Amino acid sequence: MSLGAKMQGQSRWFDRVILLVLIGFAVLWLVPVIWIVVMSLKPNDVLMRSTAGFLPIPFTLENYANLLRVSTVPSWLVNSLIVATAMTVLTLVVSSLAGYAFARLDFPGKRIVFVLVLAGLMVPEQAVFIPLHTMFADWGMHNSHAALTMPRVAVPIGVFLMTQFFKAVPRELEEAAELDNASRLTVFWKIMLPLSLPALTTLGLFTFLHAWNDFLWPLVSATETNMYTVTVGLGSIQGNFAQSEGLGSIMASAVFASVPVVLIYLIFQQYIVRGVAMGSTR
Amino acid sequence: MTITTTATPTLAEHPSVVTGRSSAWTAYLFLAPFLLVYLIFLVYPLFKGFWISLHDWELVGGYREYIGFLNYEDLWYDPLFWRTVRNTLTFVALTVPAMTVLALALALGVNRHTRTHGVLRGIFFASSVFSVSVVTLVWQMVLNGDRGLIAHFLRSLGMAPVDFLGHSFWAMPSLVVTTLWWAVGLPMALFLAGLQQIPGELYEAAELDNASRWTVLTKITLPAIRRTVMLVVVLQIVLQFQVFGQALLMTQGGPGDRTRTLVQYIYHTAFRDWQVGYASAMALLLFALMFLASMLQLYIGRRED
């Protein structure tokens, strides 16, 4: 009895130590971000003298005001919003249509087509970004939202996820509808899509975040400053910027550029973390 | 798109029988949008990339000459290519084990159903949503030798600050630490998913035996998630092999090519030196290596089943 109590006491003590270590790590994870946000709220001339400290004193919103007034950052943000939204919508449409065909319809050559599509999962972006660049150059389409959007829609992970999802939907739900002589598209639209809302949400979130954070393709495709996405734009102002006189403004740009993804993360955290688990079961 | 399946009762009872010609056409119509994009923007470029790699091909000006496999031969004698391969492998060798251990440790730590642990989980995953250029901006400030966070800290301890990113030894570990901070969320979430699939009975049995925590970890938990461990390791090797943004933005490959990575070299060869043919040869070699890694992952998955 006393032995058990002692074990329990030890274990509780052990739990506390682990929790403290975890909190320590969490602080390490947060401190860089907090410091950057604090700097974005300080005047540039104060930062010229010292970047130390975790309190925004003296406090100013001037960096953000300047950002909105004179810099190109807002237009980069708009580009990112357009590209990420278009990519998300297109990916959801083509992936759910194709996933439904693979999961529910029979057609000659189904197995081989599915294998060929899955094989695309192994093709990294770096293997195709050079030929893609020459193609879009031939078409004269660089520095457009379409060029930034289309290549990513071809990535088959969405088709794979939607196929898996539709396969798990009980067939009875569809059979009832087929008795009513409903067309396939109606069945798909009225029954399957509403059922797959959670899967679509997860796929949509991941596509949006990927699109927002995409770096290599927009870096080579968008060469005009006004066509940069925020990710490429923020990359373009780096290079010894730590010595710059406008340190506060640069930090404000970074914070401003991260607001959309941070908001999405705060709202949809459950979906995003669960989505990772969903992808792992393949 | 008004293709209807003729719904006689017998067909409706056996939906798999509905395989007439019209149903096949329906399927192709459903597939068409994706297949079109897939063929144009993934399959065709892959073959075109190979075609380009057989040429002395310049990005601008239109000069191109068929040279067979000469680009691949040249790679063999290119010291900078081998340098970047070695740098990339060093980065992978430092990042992957550290990432796996850290992610597993964090997952084991936060795998509890309290509010505090939920918040901690959220914090460790949060940095993954930042884009690479935000992460490099944050960490260039943190690591800056003069005005950086670590420099302030070292000074307050009375130590001399270090210019980490310009330092011949510290530059590479700096990129590794940045990457750990940025990307630990994904493997941590994978481990959490693996941990939550372990049947509770296993732990109840251990509790009855009064097994120590260490025994439970090494005899029950780790064996139960060994598939996840393999998955994370292979996934991380493939992902970290593609390291690019961190090196490009934080060290520009320096000091003295010490952190120049393979993808960075491909990018520079194609878009700074305009040698698209040579860059394509490297890109396809990178693809071949990653293809092998994916095959390895499939093989491991099969064997475990």
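**Close-up views of a predicted two-chain model**

A:Asn143 is found in the loop between helix H6 (125-138) and helix H7 (145-153) of chain A.

**View 1. The loop at A:Asn143.** This view, like the others, comes from a predicted model. Most residues other than glycine have a negative phi. A:Asn143 is not a glycine, yet its phi is positive, about 60 degrees. Is A:Asn143 buried, partly exposed or exposed? A:Asn143 has 16 C-beta neighbours inside 10 Å, so it counts as partly exposed.

**View 2. A cis peptide bond in chain A.** Most peptide bonds are trans. The bond that joins A:Ile57 and A:Pro58 is cis, with omega at about -5 degrees. A:Pro58 sits in the loop between helix H2 (44-49) and helix H3 (62-70) of chain A.

**View 3. The loop between H13 and H14 of chain B.** B:Gln252 belongs to this loop, which joins H13 and H14 of chain B. The phi of B:Gln252 is positive, about 50 degrees, although this residue is not a glycine. B:Gln252 counts as partly exposed because 15 C-beta neighbours lie inside 10 Å. B:Pro255 also lies between helix H13 (245-251) and H14 of chain B. Which form does the peptide bond from B:Gly254 to B:Pro255 take? The bond from B:Gly254 to B:Pro255 is cis, with omega near -10 degrees.

**View 4. The loop at B:Asp273.** Here the chain passes from helix H14 (262-271) to helix H15 (276-304) of chain B, and B:Asp273 lies in the loop between them. B:Asp273 counts as exposed because it has 12 C-beta neighbours inside 10 Å. B:Thr251 is 22 residues away from B:Asp273 in sequence. In space, C-alpha to C-alpha, B:Asp273 and B:Thr251 are 19 Å apart.

**View 5. Two crossing helices of chain B.** Helix H4 (residues 79-110) and helix H8 (residues 171-183) of chain B have axes that come within 10 Å. The axes cross at roughly 35 degrees. The crossing of H4(B) and H8(B) is right-handed. On H4(B), the contact residues include B:Phe91, B:Leu94, B:Ala98 and B:Leu102. On H8(B), they include B:Met172, B:Val176, B:Leu180 and B:Ala183. How many of the residues in the contact of H4(B) with H8(B) are nonpolar, polar and charged? There are 11 nonpolar, three polar and no charged residues.

**View 6. Where chain A meets chain B.** In this interface, 73 residues of chain A are in contact with 79 residues of chain B. The side of chain A that touches chain B has 54 nonpolar, 14 polar and five charged residues.

**View 7. Chain A as a whole.** Chain A has 14 helices and zero strands. Its C-alpha atoms fill a box of roughly 80 × 75 × 35 Å along the principal axes. The radius of gyration of chain A is 25 Å, whereas a compact globule of 282 residues would have one near 19 Å. Of its residues, 42% count as buried. The mean pLDDT of chain A is 88, and 93% of the residues score at least 70. Among the elements of chain A, helix H9 (residues 172-179) has the lowest mean pLDDT, 73, and helix H12 (residues 216-221) the highest, 96.

**View 8. Chain B as a whole.** Chain B has 15 helices and two strands. Along its principal axes, the C-alpha trace spans about 85 × 75 × 35 Å. Chain B has a radius of gyration of 26 Å, against a value near 19 Å for a compact globule of 305 residues. Buried residues make up 41% of chain B.

Methods:
Residues numbered from 1 in each chain as written. Chains lettered and ligands numbered in written order. Predicted model: local features only at pLDDT ≥ 70, side-chain atom pairs only at ≥ 80, totals over all residues. Axes fitted to C-alpha atoms, helices over the stretch in contact; angles between N-to-C directions. Helix = DSSP H or I, 4+ residues; strand = E, 2+ residues; numbered from the N terminus. Left-handed = near helix turned anticlockwise from the far one by under 90°. Contact = placed C-beta atoms within 7 Å. Nonpolar A, V, L, I, M, F, W, Y, C, P; charged D, E, K, R; others polar. pLDDT = per-residue confidence, 0-100. Rg over C-alpha atoms; globule rule 2.2 N^0.38 Å. Buried ≥ 20, exposed ≤ 12 C-beta atoms within 10 Å, placed from the backbone.
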